[in-house]
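Here's a quick briefing to read with the model open beside you. It goes topic by topic, so feel free to jump around.

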Amino acid sequence: MPQVSKRVIRREVEEKVTETFLEAISQVRDKKDVQLFINDLLSPVERVMLAKRLAIASLLLKGWGYQSIEDLLKVYNDTIAK
């Protein structure tokens, strides 16, 4: 499972990295380029994790309960609560 390094970077470096990331995402315009961008940027496991998080948010907005989401997506209650 992907993990963030325990080595802390300076706040201004983190802000610049985040800004660069958001700028890169905003430049991607069509669906095919988005797919290429995501495939280049994320590992297969990270792509599944992101897709599940988006699905959780969508299902919660539709009124689904935690247990139903757990059963459907095979995720833990803590993941849904985040």
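Let's start with E12: at 47% relative accessibility, this residue counts as partly exposed. Keep in mind that this is a predicted model. E12 is also one half of a salt bridge, with R10 as the partner, and a search of the whole structure turns up three such bridges. From there we'll move to helix 3, its crossing with helix 4, and the loop that follows helix 4.

**The salt bridges**

- In the R10 and E12 pair, the closest N and O atoms sit 2.7 Å apart.
- R10 is exposed, its relative accessible area being 55%, while E12 falls in the partly exposed class at 47%.
- R11 pairs up with E15, and here the closest N and O atoms are 3.5 Å apart.
- Both R11 and E15 belong to helix 1 (residues 11-27), with their positions four residues apart, or about one turn of the helix.
- R11 counts as exposed at 56% relative accessibility, whereas E15 is partly exposed at 43%.
- K16 and E19 make another bridge, with 3.8 Å between the closest N and O atoms.
- That pair lies in helix 1 too: K16 and E19 are three residues apart, again about one turn of the helix.
- K16 has a relative accessible area of 48%, which puts it in the partly exposed class, and E19 is partly exposed as well, at 49%.
- Why do spacings like these suit a pairing along a helix? An α-helix has 3.6 residues a turn, so residues three or four places apart point the same way.

**Helix 3 on its own**

- Helix 3 covers residues 44-61, which makes 18 residues.
- From first C-alpha to last, helix 3 reaches 26 Å, close to the 26 Å you'd expect at 1.5 Å a residue.
- L50 is part of helix 3 and is partly exposed, with a relative accessible area of 38%.
- To get a feel for distance, look back to E12: L50 is 38 residues away from E12 in sequence, and their C-alpha atoms are 26 Å apart in space.
- Just after helix 3 comes G63, which takes a positive phi of about 90°.

**Helix 3 against helix 4**

- Helix 4 takes in residues 66-73, and its axis comes within 11 Å of the helix 3 axis.
- The two axes cross at roughly 145°, and the crossing is right-handed.
- Which residues do the touching? On the helix 3 side they are K52, A55, I56, L59 and L60, and on the helix 4 side Y66, I69, L72 and L73.
- Sorted by class, that contact has eight nonpolar residues, one charged residue and no polar ones.

**Two residues of helix 4 to click on**

- L72 sits in helix 4 and, leaving out residues up to four places away in sequence, touches L59 and W64.
- Between L72 and I56 there are 9.9 Å from C-alpha to C-alpha, with the two residues 16 apart in sequence.
- E70 is in helix 4 too, and its contacts, again leaving out residues up to four places away in sequence, are V75, Y76, N77 and I80.
- For a longer view, pick E70 and V13: they are 57 residues apart along the chain, and 36 Å separates their C-alpha atoms.

**The loop after helix 4**

- Where should you look for a positive phi in a residue other than glycine? K74 has one, with phi near 55°.
- K74 is found in the loop between helix 4 and helix 5 (77-81).
- Is K74 buried or exposed? At 66% relative accessibility, K74 counts as exposed.

Key:
Residues numbered from 1 in each chain as written. Predicted model: local features only at pLDDT ≥ 70, side-chain atom pairs only at ≥ 80, totals over all residues. Heavy atoms only, no water. Expected span 1.5 Å × (residues − 1). Axes fitted to C-alpha atoms, helices over the stretch in contact; angles between N-to-C directions. Left-handed = near helix turned anticlockwise from the far one by under 90°. Contact = heavy atoms within 4.5 Å. Nonpolar A, V, L, I, M, F, W, Y, C, P; charged D, E, K, R; others polar. Salt bridge = Lys/Arg side-chain N within 4 Å of Asp/Glu carboxyl O. Buried < 20%, exposed > 50% of the residue type's maximum accessible area, 1.4 Å probe, protein only.
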